[in-house]
Amino acid sequence: QGKTINIFSIASGHLYERFLKIMILSVLKNTNRPVKFWFIKNYLSPQFKDVIPHMAQEYNFEYELITYKWPTWLHKQKEKQRIIWAYKILFLDVIFPLSLEKVIFVDADQIIRTDMGELYDMDIKGRPLAYTPFCDNNREMDGYRFWRQGFWKEHLRGRPYHISALYVVDLVKFRETAAGDNLRVFYETLSKDPNSLSNLDQDLPNYAQHTVPIFSLPQEWLWCESWCGNATKSKAKTIDLCNNPMTKEPKLQGARRIVTEWPDLDLEARKFTAKILGEDVELNEPVAAATDK
Ligand code: UDP
Ligand code: CA
């Protein structure tokens with residue numbers, strides 16, 4: 001049956017928990033291998049914690065809730081969204097048991113269209129991290145590609161700026177090369193400047209890549225409409241509902257418009273949740289009623 005695929009994610013709030021269930025279903029429907037999900041416990045709702053053991057049984061996966069206490073000496077974050085971003089990247093060496101050798105982070109609002117086993121087994125050439133570079137084929141967005149000029153252009157010295165919605169962590173390599181310490185040192189220095197790390201979880205590993213090397217994944221591993229053109233959509237192995245800085249379209253609306261399988265997966269997850277919690281499914285939930293970030 002093959003080696004277990006380990007995937008970790010994080011979610012806070014009703015909308016992202018709804019997305020997370022869809023992400024889980026999309027992973028499972030595209031692989032025959034055993035899957036274990038690791039969820040950062042900090043902001044999960046009681047409802048989600050009630051439903052997830054039932055989902056694990058019904059869909060035959062393992063899961064574990066994990067957390068790590070913010071170190072007293074490390075610069076603190078005040079906003080919830082930034083705390084979440086910090087947990088995506090700052091404690092990878094210490095938040096998982098030492099026996100875990102590899103893990104893939106997947107954003108809660110991502111939909112998987114391929115066997116994640118292929119990514120799990122990929123040779124990332126001895127680097128601790130693997131991320132997909134940002135697409136450059138949606139020309140309309142050129143004005144928003146901040147990494148092509150000024151500070152980032154200088155700093156990157158020809159390396160790509162990668163998107164943080166999906167990444168592989170070779171935990172053995174990561175621990176062996178003290179990548180966690182290196183990232184925390186960069187974080188400690190940069191976070192003192194309020195203008196730095198505006199996309200914390202993405203800016204930090206991209207900034208640190210001369211010290212903590214990144215393997216660049218083939219482009220098809222991460223497609224997101226804002227940055228990638230429609231010409232490459234059919235090859236997408238995963239789709240992230242990444243924010244569009246130009247249109248600022250709400251994510252729920254984008255999900256239905258962009259991802260054909262999304263409404264069915266959503267309905268399946270909502271029916272299952274309602275059954276477990278003993279509630280009715282709101283079948284005709286109006287899009288506009290949903291809240292977004
Ligand atoms: N996230 C969350 N709640 C929030 C914001 C973010 O749980 O209010 C988590 C979630 O896993 C999400 C990830 O952080 O997928 C990254 O945020 P988001 O997808 O909104 O960023 P984008 O891809 O739009 O840049
Ligand atoms: Ca996302």
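At 15% relative accessibility, Asn 138 counts as buried in this predicted model. The residue lies in the loop between S6 and H6. Beyond its neighbours within four places in sequence, Asn 138 is in contact with Arg 145. Its other partners of this kind are Glu 225, Ser 226, Trp 227, Cys 228 and Gly 229.

A second asparagine, Asn 6, was examined in strand S1, which spans residues 5-9. Asn 6 has a relative accessibility of 8% and therefore counts as buried, the limit being under 20%. Two polar contacts involve its side chain. One, of 2.9 Å, is made with the side chain of Trp 38. The other joins the side chains of Asn 6 and Tyr 120 at 3.0 Å. Trp 38 and Tyr 120 also appear among the residues in contact with Asn 6 once neighbours within four places in sequence are set aside. The remaining contacts are Lys 36, Leu 100, Lys 102, Val 103 and Ile 104. Trp 152 lies elsewhere: 146 residues separate it from Asn 6 in sequence, and the C-alpha to C-alpha distance is 32 Å.

The nonpolar interior was considered next. The largest nonpolar core holds 102 residues. Within this core, Ile 7, Phe 37, Phe 96 and Met 116 touch the most other members. Helix H1, residues 13-28, gives the most to the core, with nine residues. In soluble globular proteins, nonpolar side chains tend to be buried together. Met 116 illustrates the packing in detail. Residues up to four places away in sequence are not counted here; Met 116 then touches Ile 5, Ile 7, Val 27, Ile 104, Val 106, Leu 166 and Trp 221. Ile 7 is thus both a partner of Met 116 and one of the residues that touch the most other core members.

Ligand 1 is surrounded by 14 residues. The closest are Ile 10, Ser 12, Tyr 16, Asn 243 and Lys 251. By class, the shell divides into seven nonpolar, two polar and five charged residues. Oxygen atoms of the ligand approach both backbone and side-chain atoms. An oxygen atom of ligand 1 is 2.5 Å from a polar backbone atom of Ile 10. For a polar backbone atom of Ser 12, the distance to an oxygen atom of ligand 1 is 2.8 Å. On the side-chain side, an N or O atom of Asp 109 is 3.1 Å from an oxygen atom of the ligand. On its own, ligand 1 has 510 Å² of accessible area, of which the protein covers 86%.

Helix H9, residues 200-207, is mostly covered, and eight of its eight residues are buried. These are Leu 200, Asp 201, Gln 202, Asp 203, Leu 204, Pro 205, Asn 206 and Tyr 207. Their packing partners include three helices and three strands. The helices are H3 (80-89), H6 (150-156) and H8 (179-191). The strands are S6 (129-133), S7 (162-170) and S8 (214-216).

The loop between H8 and H9 contains Leu 197. This leucine has a positive phi of about 50 degrees although it is not a glycine. Most residues other than glycine have a negative phi. Leu 197 counts as buried because its relative accessibility is 6%. Asp 193 is also placed in the loop between H8 and H9. Its relative accessible area is 34%, so Asp 193 is partly exposed. Between Asp 193 and Tyr 131, 62 residues apart along the chain, the C-alpha separation is 26 Å.

Another positive phi, near 45 degrees, occurs at Arg 157, a residue other than glycine. Arg 157 sits in the loop between H6 and S7. Its relative accessibility of 61% places Arg 157 in the exposed class, for which the limit is over 50%.

Ala 269 belongs to helix H11, residues 262-277. At 6% relative accessibility, this alanine counts as buried. Its contacts, leaving aside neighbours within four places in sequence, are Lys 21 and Leu 25. Phe 186 is 83 residues from Ala 269 along the chain, and their C-alpha atoms are separated by 40 Å.

Conventions
Residues numbered from 1 in each chain as written. Chains lettered and ligands numbered in written order. Predicted model: local features only at pLDDT ≥ 70, side-chain atom pairs only at ≥ 80, totals over all residues. Heavy atoms only, no water. Core = buried A, V, L, I, M, F, W, Y, C linked by side-chain atoms within 4.5 Å. Buried < 20%, exposed > 50% of the residue type's maximum accessible area, 1.4 Å probe, protein only. Helix = DSSP H or I, 4+ residues; strand = E, 2+ residues; numbered from the N terminus. Contact = heavy atoms within 4.5 Å. Near = heavy atom within 4 Å. Polar contact = N/O pair within 3.5 Å; in protein donor to acceptor, adjacent residues only side chain to side chain. Areas by Shrake-Rupley, 256 points an atom, 1.4 Å probe, with all protein chains shown as cover. Nonpolar A, V, L, I, M, F, W, Y, C, P; charged D, E, K, R; others polar.
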